[in-house]
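Here is a short tour for anyone who likes to look at a fold residue by residue. Please keep the viewer open as you read.

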Amino acid sequence: MNFIKRSLFGVFCITLLLSGSLFAVSWTDGGSGHLWSTGANWSDNDPPLFGEDVFINNGYTGPIIDSTVTALSGIIRVGGTGTTDTLTVSGGSLNSNSHLILGEGSGSTATLDISGGTVTAYSVWVGNNGDGYINMIGGTLNISGEPLYVSRFGGSGHVQLDGGTINTDNFQMFDATASMDIKDGVLVIDGDKESTINGYFSSGWITAFGGSGMLDVNYDGSKTTVEAYLPTWPYAWNPDPADGYTLQAASLSWQPGAYAASHDVYFGTDFNDVNDAQVPAGDINFDGDVNMVDFSVLTAQWLTDPGTSDPSADIDGSGTVNFNDLGMLAGGWK
């Protein structure tokens, strides 16, 4: 049985192996290129075996799994008490038959960087007693068993999905210490999780493109796929307070329309009045009225600076301030 690492004999030892992991190995970073597969980088001078518990918790430069490495393990605990630890996967594969825990120890900071290759685990905890992070720009993370947990216990957790794919049986964010931002990556969850993901998005726990984008959440009858996109329409969107909210006292915010330099905001007690509202033609300074201030701006740009690039008094959009702009200003005068 090539998975027996130490000297074991008899049925008793085999029974112990079948009932759970007998051994644990710690990362010591012996300085040999930081590769997971190098025995000198581990406490017993041998890389972990499948089912063997792994501790990466001493603040050393963490293991690297590249295209030359096929890594095996049991539970992987990253982050010792008060330490900063990393696990980097740029290629190859990491296959754990148990949990991958980021931020295991109190006050720890633990990061999993994935730029290529495949990581497979029974479950992944991003933030446990400490703070956990996944930074993903490529590759694949497969979770089959328990969910992908973000900020599970006393710490915090963040997933930055800029590329690659996360496939998981389930997905759970526990509170506002959990966060996820999606750019060009894809999150795939078994079952119908549309309402769950949309709820996380509405709460601000999940964002797209750092808050500038939207989520595309689709359930195909088997899996829920979550992707992010940047809107291309010219109007403001995603207002806060949301559409239909009765405004009493609140700060207002929205995402800008594509290519927008400014937005007009209208207030009123009648829906039709607000819906039909427009900035008066000639209201150059956007104070809600066409008056001498606007006229002064127009004459200044016309008489003294006719070559101004994109002049604010160019009401008709012709590129210059002229009699047509003066006529439109006069038409809007009140």
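## A pocket and its lining

The lining of the second largest pocket is made up of 8 nonpolar, 2 polar and 3 charged residues. That gives 13 lining residues, and those nearest the pocket centre are Asp283, Phe286, Ser312, Asp314 and Ile315. The volume of this second largest pocket is about 360 Å³. Do keep in mind as you browse that this is a predicted model.

## Aromatic pairs

How many aromatic pairs does a search of the whole structure find? There are 8 aromatic pairs. One of them joins Phe171 and Tyr200, whose ring centres are 6.1 Å apart; their planes meet at 70 degrees, so the pair is edge-to-face. Planes over 60 degrees apart count as edge-to-face. This pair links distant parts of the chain, with Phe171 in strand β13 (residues 171–173) and Tyr200 in helix α2 (residues 194–203), 29 residues apart. Are these two residues buried or exposed? Phe171 is buried at a relative accessible area of 4%, and Tyr200 also counts as buried, with 13% relative accessibility.

Now look at Trp302 and Phe323. Their ring centres lie 4.9 Å apart with planes at 85 degrees, so this pair is edge-to-face as well. Trp302 belongs to helix α4 (residues 292–303) and Phe323 to helix α5 (residues 323–331), so the pair ties together parts 21 residues apart in sequence. Trp302 counts as partly exposed at 24% relative accessibility, while Phe323 is exposed, with a relative accessible area of 63%.

## An aromatic cluster and an arginine

Which residues form one aromatic cluster? They are Trp125, Tyr149, Phe153 and Phe174. Arg152 is worth a look here too. Its charged end sits over the ring of Trp125, 4.3 Å from the ring centre. Arg152 also lies over the face of Tyr149, at 4.0 Å from the centre of that ring.

## Strand β18 and its partners

Strand β18 (residues 223–229) has side chains that alternate between two faces. Thr224, Val226 and Ala228 point to one face and are buried. Lys223, Thr225, Glu227 and Tyr229 point to the other face and are not buried.

Which strands pair with β18? Strand β15 (residues 186–190) runs antiparallel to β18 and is joined to it by 4 bridges; here Val188 has Thr225 as its bridge partner. Strand β17 (residues 214–219) also pairs with β18 in the antiparallel sense, over 6 bridges, and Met214 is matched with Tyr229 as bridge partner. The hairpin of β17 and β18 has 3 residues between the strands, and in this hairpin Gly221 takes a positive phi near 95 degrees.

## Parallel strands

Let us finish with some parallel pairing. Strand β6 (residues 84–96) and strand β8 (residues 109–121) pair in the parallel sense over 10 bridges, and Ser93 stands opposite Thr118 in β8. β8 in turn pairs with strand β10 (residues 131–143), in the parallel sense and over 10 bridges. To find a place to look in that pairing, start from Val119, whose bridge partner in β10 is Leu141.

Notes: Residues are numbered from 1 along each chain as its sequence is written. This is a predicted model: local features need pLDDT of at least 70, side-chain atom pairs count only at pLDDT 80 or more; totals for chains, interfaces and linings use all residues. Side-chain values use heavy atoms; hydrogens and water are left out. Rings of Phe, Tyr and Trp (its six-membered ring) pair if their centres lie within 6.5 Å; planes under 30 degrees apart count as stacked, over 60 as edge-to-face and the rest as tilted. Buried means under 20% relative accessible area, exposed over 50%, partly exposed in between (1.4 Å probe, protein chains only). A charge sits over a ring if NZ of Lys or CZ of Arg is within 6 Å of the ring centre and within 35 degrees of the ring normal. On a 1 Å grid over the protein atoms alone, a cavity is a set of points where a 1.4 Å probe fits but cannot get out, and a pocket is an open set with protein on both sides within 12 Å along at least five of seven lines; lining residues have an atom within 4 Å of a point. Grid points are joined across faces, edges and corners, and a volume is the space filled by probe spheres set on the points. Ala, Val, Leu, Ile, Met, Phe, Trp, Tyr, Cys and Pro count as nonpolar, Asp, Glu, Lys and Arg as charged, and the others, Gly among them, as polar. Two strands pair if DSSP finds at least two bridges between them.
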